[in-house]
Amino acid sequence: MVNHAVTILVVLSIILIGLLILRPSLTAVTGGKILAFIALFILPICALALGSAVHLQHATSTNFCLSCHPMEAYGKSLRIDDPSYIPASHFQNNRIPRGEACYTCHTTYAMFGGLKAKLGGLRHVYIYYFGTVPAKLALYEPYNNRECLHCHAGMRVFEESSPHKEMMGQLGSNEMSCLTCHNKTHDVQNADKLKFWKGP
Amino acid sequence: MVENSPRLQQRLKIAAYLLIAGLVLEAITLYWSSPLSFILFAGGAGTLMVLGIIVYLIAIAAA
């Protein structure tokens with residue numbers, strides 16, 4: 001929908017700019033000068049701003065992340081047919097939006113978290129096209145409980161169950177990582193030995 | 001009708017061509033969701049359009 005709106009804006013801009021190229025004498029009169037200002041300044045700025053918004057939205061999609069070859073195995077791991085695998089069980093049970101699976105869990109839910117994720121993404125794109133992708137991928141910093149608690153904090157089933165109830169303070173301060181117990185994550189190394197869900 | 005100077009016309013034309021090139025590139029990248037399309041948008045379309053706007057502003061400032 002937004003794509004179409006931006007496309008209409010782009011087409012309208014091209015038509016108006018084309019008109020100015022074909023009829024340059026238009027800009028000699030006041031009305032033409034206003035038209036030129038709209039076509040050569042206002043509309044391109046709007047198209048650029050809206051285009052950036054569309055691209056930033058695209059960048060949050062699972063397909064966007066998985067379009068890079070090194071991420072394919074991680075995408076496949078979302079379909080491991082075993083509920084003890086945290087990313088797979090979240091993905092398959094709609095605990096996270098499937099269309100934004102990577103972004104939902106790998107964005108820091110802090111001030112400028114989205115910006116940090118985008119800058120990290122640009123770095124990844126640079127390495128993918130112009131550098132060497134490391135054989136083993138790793139997070140820049142240990143996975144922060146904040147990313148889990150962004151959704152789980154406040155959930156009755158989470159906060160009132162044992163052992164979460166007893167260690168809420170430790171979980172909140174990252175003294176104890178969620179991954180200490182929930183340690184089955186993407187496990188791309190052993191993916192060949194696992195069964196996969198064939199759902200949507 | 002007062003005609004614009006040839007220099008202004010030429011600058012406006014350059015700005016127009018740069019903007020059209022940027023807008024066409026942007027339209028292409030909008031329907032292609034991949035990191036490369038983002039690079040093309042930011043590095044290609046964005047640069048062309050910013051240059052076009054700058055050339056337009058220079059043209060009207062110098063007129």
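This passage describes the architecture of chains A and B and the contact between them.

The structure is a predicted model, in which local features need pLDDT of at least 70 and side-chain atom pairs count only at pLDDT 80 or more, while totals for chains, interfaces and linings use all residues. Residues are numbered from 1 along each chain as its sequence is written, and chains are lettered from A and ligands numbered from 1 in the order in which they are written.

The secondary structure of chain A comprises 11 helices and 0 strands, and that of chain B comprises 2 helices and 0 strands; these elements are DSSP runs (helices being H or I of at least four residues, strands E of at least two), numbered from the N terminus. The C-alpha trace of chain A spans about 75 × 35 × 35 Å along its principal axes, and its radius of gyration is 24 Å, where a compact globule of 200 residues would have a value near 16 Å. For chain B the corresponding spans are about 50 × 20 × 10 Å, with a radius of gyration of 14 Å against a value near 11 Å for a compact globule of 63 residues. The radius is taken over C-alpha atoms, and the globule rule is 2.2 Å times the number of residues to the power 0.38. Chain A is assigned domain 1 (2-58) and domain 2 (67-193), with bounds that come from an automatic or database domain assignment, and the centres of these two domains, taken over C-alpha atoms, are separated by 41 Å.

The contact between the chains takes 33 residues from chain A and 27 residues from chain B, two residues being in contact if their C-beta atoms, placed from the backbone, lie within 7 Å. On the side of chain A that touches chain B, two or more residues are given by each of α1 (2-22), α2 (30-58), α3 (62-66) and α7 (113-130), and α2(A) gives the most, with 11 residues. This side of chain A divides into 22 nonpolar, 11 polar and no charged residues (Ala, Val, Leu, Ile, Met, Phe, Trp, Tyr, Cys and Pro count as nonpolar, Asp, Glu, Lys and Arg as charged, and the others, Gly among them, as polar).

The axes of α2(A) and helix α1 (residues 6-30) of chain B come within 11 Å and cross at roughly 25°, so that α2(A) is roughly parallel to α1(B) (angles under 35 degrees count as such). Axes are lines fitted to C-alpha atoms, for helices over the stretch in contact, and angles run from 0 to 180 degrees between N-to-C directions. Residues in this contact include A:Leu40 and A:Val54 of α2(A) and B:Leu19 and B:Glu26 of α1(B).

Key: Angles under 35 degrees count as roughly parallel, over 145 as roughly antiparallel, 65 to 115 as roughly perpendicular and the rest as oblique.
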